[in-house]
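Student: Could we go through this structure together? I would like to start with the sheets and then turn to the empty spaces.

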Amino acid sequence: MATKKIQSALISVFYKDNLEPIIALLKKHGVTIYSTGGTQKFIEEQGAAVVPVEELTSYPSIFGGRVKTLHPKIFGGILYRRENEGDLSQAAEYEIPAIDLVIVDLYPFEETVASGASEADIIEKIDIGGISLIRAAAKNFKDVTIIASKDQYKELEQRLTEQDGATTLEDRRYFAAQAFQVSSNYDTHIFNYFNRVENIPALKVSENKAKALRYGENPHQAAHFYGDMDALFDQLNGKELSYNNLVDVDAAVNLIAEFKGETAFAILKHTNACGVALAPTVKEAYLKAFEADTISAFGGVLVTNQTVDKEAAEEMHSLFFEVLIAPEFTEEALEVLTSKKNRILLRQKIDLPGTKMMKTLLNGVIEQDRDLATETKEDFKVVTQETPSDKEMDAMVFAAKICKHTKSNTIILSNDNQMFSSGVGQTSRVDALKQAITKAHEFGFDLKGAVMASDAFFPFPDCVEIAGKAGITAVVQPGGSIKDQLSIDYCNDHGMSMVMTGVRHFKH
């Protein structure tokens, strides 16, 4: 496998953590080390001899450190082909030494952007020499080993230890692939930074963290999650999250985010809410959410925006559920909830980041803004003779928030603090309404005085007619149908109130 003993190395890194064992190994094997600046000082402090890059190139670091390694003696030493007679001749002619190992990382561009630094500081974190060294060494992997990240220090240490200071061609190809992953990820973040302003129609996505899932939606489908789940959640208990768990968790945290400043609880199944409620305590909110559909709650995903205490934990403990998400859990609550080892408990640390969403479609990808529009009473336009009461207004705000996060076609029936039922994902809005009314009755809710929310307009007056006959007194919908007036007329003739928002919330 073309094993090559490392005889020379170029080391120039921003992160020096855990580099000591590698320096010790290189020193042990008599490797010639070239280095710059702070890295040179660090290596010398480990008791290893260093040849300064300036001594090799006969040029100092110039332009405030912007140019240090960009020199033919450095890049020639990395790129020349060890089995090419012409390259060997030129290397000898220009006194270019072979460089067998390159350890270099990149300035923290992504972290600098995230810190809110000035543009001048951000631009200075665009690495030139480092990215060039990485690409050069990776290109010549037949002869050169490239380590492009501190995350690979341990792997290099293991190989050098096991192989007596040498690497195999298989090793070098592996590290080259890792290096191109590092460089492509780096360039993606730089492009996306500039594209905030320029809006070039190009999609660049790069995720460094990947996790294999047990399977996808079904056991015969392989699946991975790409992203930093640990930045969003601490998993306090339970088995690993599955593909379907993740899809439901995403829906749950998006829904609960609508209820900031309130004590809210939601139960979801297959991304749709089967119960949502507001109450003074988490326990009460849970009980009211559970009442909306005691059957669908089995095996569901639970979410709240307040601390789960012992009282709430004891109440929901008897229910079989897959996941519970909360910003915090008391120690007493955890004692109760963790007694079932497979129950997944997630502590949500931050709000969902980002304002874009995408998915694969046909032979490409579609991307759109996240639906961040949430209507308040101030956005409601009363279009009927009857004006909704304050309580009905609050109920319609509540129902519209849930409706926004439910699969189209959808209808939500509720009062001001408890969802009664939903009609989910139907091909007809009439069917969605009938489904919602049937479910509400099945679980013992009286719809007299309830409100109805629809994710899109009513093309005919049939939905308001069915709703009115069921006892519903107020309706919130986007409006926009050429036949809006027919629905308004029915409401006027039957003492119902209706508001329009002007905002549609399809969810496909």
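Tutor: What follows takes the sheets, then a hairpin and a helix cap, and then the pocket and cavity.
Tutor: This is a predicted model, in which local features need pLDDT of at least 70 and side-chain atom pairs count only at pLDDT 80 or more, while totals for chains, interfaces and linings use all residues. Residues are numbered from 1 along each chain as its sequence is written, and side-chain values use heavy atoms, with hydrogens and water left out.

Student: In what order do the strands of the open sheet with E10 run?
Tutor: The order is E10-E15-E14-E13-E11-E12, a sheet of six strands with mixed pairing. Helices (H or I, at least four residues) and strands (E, at least two) are DSSP runs numbered from the N terminus, and two strands pair if DSSP finds at least two bridges between them.

Student: And which strands stand at its edges?
Tutor: Strand E10 (233–237) and strand E12 (272–278) each have a single partner strand, so one side of each is left without a neighbour in the sheet. On average, neighbouring strands of this sheet are turned by 20 degrees against each other, direction ignored.

Student: How many bridges join E13 to E14?
Tutor: Four bridges join strand E13 (residues 300–304) to strand E14 (residues 321–326), and the two run parallel. The bridge partner of Gly300 in E14 is Phe321.

Student: Which strands does helix H12 lie across?
Tutor: Helix H12 (residues 243–256) lies across E10, strand E11 (264–269), E12, E13, E14 and strand E15 (344–348), and runs at about 150 degrees to E11. Axes are lines fitted to C-alpha atoms, for helices over the stretch in contact (heavy atoms within 4.5 Å). Angles run from 0 to 180 degrees between N-to-C directions.

Student: What about the sheet with E18; what is its order?
Tutor: That open sheet of six strands has the order E18-E23-E22-E21-E19-E20, with mixed pairing. Its edge strands, E18 (381–382) and E20 (419–423), each pair on one side only. Strand E19 (residues 411–414) runs antiparallel to E20 with four bridges, and Leu413 stands opposite Ser421 in E20.

Student: Changing topic: how many residues lie between E16 and E17 in their hairpin?
Tutor: Two residues lie between them, and Leu362 in the turn has a positive phi of about 50 degrees. The strands, E16 (residues 356–361) and E17 (residues 364–369), pair in the antiparallel sense over six bridges. Leu361 has Gly364 in E17 as its bridge partner.

Student: Which residue caps the N-terminal end of H5?
Tutor: Asn84 does so for helix H5 (residues 85–93), with a side-chain oxygen 3.0 Å from the backbone nitrogen of Gly86. Just after H5, Glu95 takes a positive phi of about 55 degrees.

Student: Now the empty spaces. How much space lies in the second largest pocket?
Tutor: About 520 Å³. Of its 27 lining residues, the closest to its centre are Gly65, Arg66, Lys68, Tyr107 and Asp127. On a 1 Å grid over the protein atoms alone, a pocket is an open set of points with protein on both sides within 12 Å along at least five of seven lines, and lining residues have an atom within 4 Å of a point. Grid points are joined across faces, edges and corners, and a volume is the space filled by probe spheres set on the points.

Student: And how much space is in the largest cavity?
Tutor: About 70 Å³. A cavity is a set of points where a 1.4 Å probe fits but cannot get out. Helix H16 (390–404) and strand E22 (474–477) are the elements that give two or more residues to its lining.

Terms used:
A polar contact is a pair of N or O atoms within 3.5 Å; within protein, one must be able to donate a hydrogen and the other to accept it, and residues adjacent in sequence count only if both atoms are side-chain atoms.
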